[in-house]
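Here are a few exercises to work through with the model open. Try each one before reading its solution.

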Amino acid sequence: GLNFIDLMVRQGNIDNPPKTPLVPGFECSGIVEALGDSVEGFEIGDRVMAFVNYNAWAEVVCTPVEFVYKIPDDMSFSEAAAFPMNFVTAYMMLFEVANLREGMSVLVHSAGGGVGQAVAQLCSTIPNVTVFGTASSFKHEAIKDSVTHLFDRNADYVQEVKRISTDGVDVVLDCLCGENTGKGLSLLKPLGTYILYGSSNMVTGETKSFFSFAKSWWQVEKVNPIKLYEENKVIAGFSLLNLLFKQNRGGLIKGVMDKLLNLYNNKKIKPVVDSLWALEEVKEAMQRIHDRGNIGKLILDVEKAPTPLVS
């Protein structure tokens with residue numbers, strides 16, 4: 001699976017970026033080739049998907065058993081590689097952090113991306129949840145059925161949301177950061193929850209520019225705890241990778257994956273795969289995410305031959 005965090009790793013826009021040489025990637029699907037001595041519950045030949053702490057973009061991947069899950073019989077390998085990061089992130093934010101319930105409303109940015117589409121699908125499993133989404137206008141036709149209200153990512157979505165729901169929304173899921181932090185907080189109803197789970201505005205052009213990074217950072221509204229208290233608002237952050245690999249919550253994530261696979265088996269959710277790319281085409285695939293051209297998830301397929309370039 002190819003994720004926005006991979007672009008941030010490439011540009012060094014993360015805390016403690018790893019030293020090169022490096023194989024990137026945090027999730028994959030494939031067939032079990034070998035097992036550790038004490039591994040139970042899996043056999044060689046099993047179809048599985050897994051979280052990996054780097055090194056997922058490889059022909060052979062090694063990861064602890066607690067991060068590995070069996071793939072349902074009718075799920076393809078590309079769907080399985082698109083499943084763990086997006087759906088676990090969306091589920092944890094909606095149900096573990098924001099406590100989504102019937103009749104609530106959610107604002108999600110990048111509604112056409114992998115997490116955005118997972119959020120929309122999970123919201124549809126709860127009655128009467130209103131989903132406000134922002135996305136590039138060329139994606140609207142393809143994703144308009146997945147959200148209740150769709151806005152152009154460059155429009156003044158704050159006014160658009162307030163026109164429809166005067167007192168705002170219950171949940172804001174922000175993967176952009178920058179000036180959107182203040183906008184998101186201003187849209188929260190009393191007892192509403194704002195969750196930052198990414199900072200894609202920090203990703204700059206082909207090379208990283210310190211100044212655009214700093215500008216984005218300074219646009220972040222400085223949060224005043226007294227104001228939060230007076231306005232009855234909740235502000236939260238969510239990083240799945242830190243939860244898995246730094247904070248040892250693999251057991252919690254396993255319980256979430258069980259619930260998600262149950263939803264998949266009951267035809268309630270289904271990963272949206274944008275496109276498949278050969279490993280040699282990773283530069284072009286990353287550019288597609290950078291340009292926000294994708295609807296759903298991009299997958300690197302080790303068995304795919306590069307597409308010949310047309311002159």
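**Exercise 1.** In which loop is N128 found?

Solution. N128 sits in the loop between α4 and β5 (130-135); helices (H or I, at least four residues) and strands (E, at least two) are DSSP runs numbered from the N terminus. Before going on, note that this is a predicted model, where local features need pLDDT of at least 70, side-chain atom pairs count only at pLDDT 80 or more, and totals for chains, interfaces and linings use all residues. Residues are numbered from 1 along each chain as its sequence is written, and side-chain values use heavy atoms, with hydrogens and water left out.

**Exercise 2.** Look at the backbone of N128 and Y54, then find a cis peptide bond.

Solution. Start from the background: most residues other than glycine have a negative phi, and most peptide bonds are trans.
- N128 isn't a glycine, yet its phi is positive, about 60 degrees.
- Y54 also has a positive phi, near 70 degrees, and lies in the loop between β2 (47-51) and β3 (68-70).
- Now check accessibility: N128 is exposed at 57% relative accessible area, while Y54 is buried at 16%. Buried means under 20%, exposed over 50%, and partly exposed in between (1.4 Å probe, protein chains only).
- The T20 to P21 peptide bond is cis, with omega near 0 degrees, and P21 belongs to the loop between α1 (4-11) and β1 (27-31).

**Exercise 3.** Describe how α3 packs on α4.

Solution. Two numbers do the job: packed helices are described by the angle between their axes and the distance between the axes.
- Helix α3 (residues 84-97) and helix α4 (residues 114-123) pack at about 50 degrees, their axes 8 Å apart. Axes are lines fitted to C-alpha atoms, for helices over the stretch in contact, and angles run from 0 to 180 degrees between N-to-C directions.
- That makes the pair oblique, given that under 35 degrees is roughly parallel, over 145 roughly antiparallel, 65 to 115 roughly perpendicular and the rest oblique.
- Next, list the contacts (heavy atoms within 4.5 Å): residues including F87, Y91 and L94 of α3 meet residues of α4, among them V115, A118 and C123.

**Exercise 4.** How many disulfides does the structure hold?

Solution. Zero, where a disulfide is a pair of cysteine sulfur atoms within 2.5 Å. For C123, the nearest cysteine sulfur is that of C175, 14 Å away. C123 is buried at 2% relative accessibility, and C175 is buried at 10%.
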